[in-house]
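Me: I have a structure to go through, and I would like the reasoning behind each label. Could we take it step by step?

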Amino acid sequence: MEAAAPSPLPLPEEDALASLEDRIRRAVELVATLREERDTAVAELDSVRKTAGAATAEAQKLRQENELLRGERKQVRTRIEKLLGQMELL
């Protein structure tokens, strides 16, 4: 049996190329991850904007309803004061 020949040492050029290839691969993975995070953030932003728009519309509706109820309350108060005034005359 012959002894296995030792594996040849990588040339410095091959080492540099492998290192560059590894760094490029990591950079590509990082870009892909960042794009996914960006897409998720954009989707969340759209969702929040829709929710905020709905909340703003609801708040406006409630303000209008509140003003309407205050006006009705003022009318009721005026009518009750008028009725009380008529009762005092009796």
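Me: How many residues apart are Asp22 and Arg25 in helix H1?

Reply: Asp22 and Arg25 are 3 residues apart in helix H1, about one turn of the helix. A helix here is a DSSP run of H or I with at least four residues, and a strand is a run of E with at least two, both numbered from the N terminus. Please keep in mind that this is a predicted model, where local features need pLDDT of at least 70, side-chain atom pairs count only at pLDDT 80 or more, and totals for chains, interfaces and linings use all residues. Residues are numbered from 1 along each chain as its sequence is written, and side-chain values use heavy atoms, with hydrogens and water left out.

Me: What makes Asp22 and Arg25 a salt bridge?

Reply: The term asks for a side-chain nitrogen of Lys or Arg within 4 Å of a carboxyl oxygen of Asp or Glu. The closest N and O atoms of Asp22 and Arg25 are 3.8 Å apart, so the pair qualifies.

Me: Which other side chain meets Arg25 in a salt bridge?

Reply: That is Glu21, at 3.0 Å from N to O. Arg25 and Glu21 are 4 residues apart in helix H1, so about one helical turn separates them.

Me: What joins Arg26 to this group?

Reply: Arg26 and Asp22 meet in a salt bridge at 2.6 Å, N to O. Salt bridges that share partners thus join Glu21, Asp22, Arg25 and Arg26 into one network. The whole structure has 4 salt bridges.

Me: Why is Arg25 called partly exposed?

Reply: Buried means under 20% relative accessible area and exposed means over 50%, with partly exposed in between (1.4 Å probe, protein chains only). Arg25 has 42%, so it counts as partly exposed. Glu21 at 45% is partly exposed, as are Asp22 at 32% and Arg26 at 46%.

Me: What share of the chain is buried?

Reply: Buried residues make up 0% of the 90 residues. The chain has 1 helix and 0 strands.

Me: Which residues form a nonpolar patch on the surface?

Reply: They are Leu17, Leu20, Ile24 and Val28, with about 370 Å² of accessible area together (Shrake-Rupley method, 1.4 Å probe, only the protein chains shown counting as cover for residues). Patch members need over 30% relative accessible area and no salt bridge; nonpolar side chains (Val, Leu, Ile, Met, Phe, Trp, Tyr) are joined within 5 Å, like charges within 9 Å. Leu20, in helix H1 (residues 12–89), has 38% relative accessibility and therefore counts as partly exposed.
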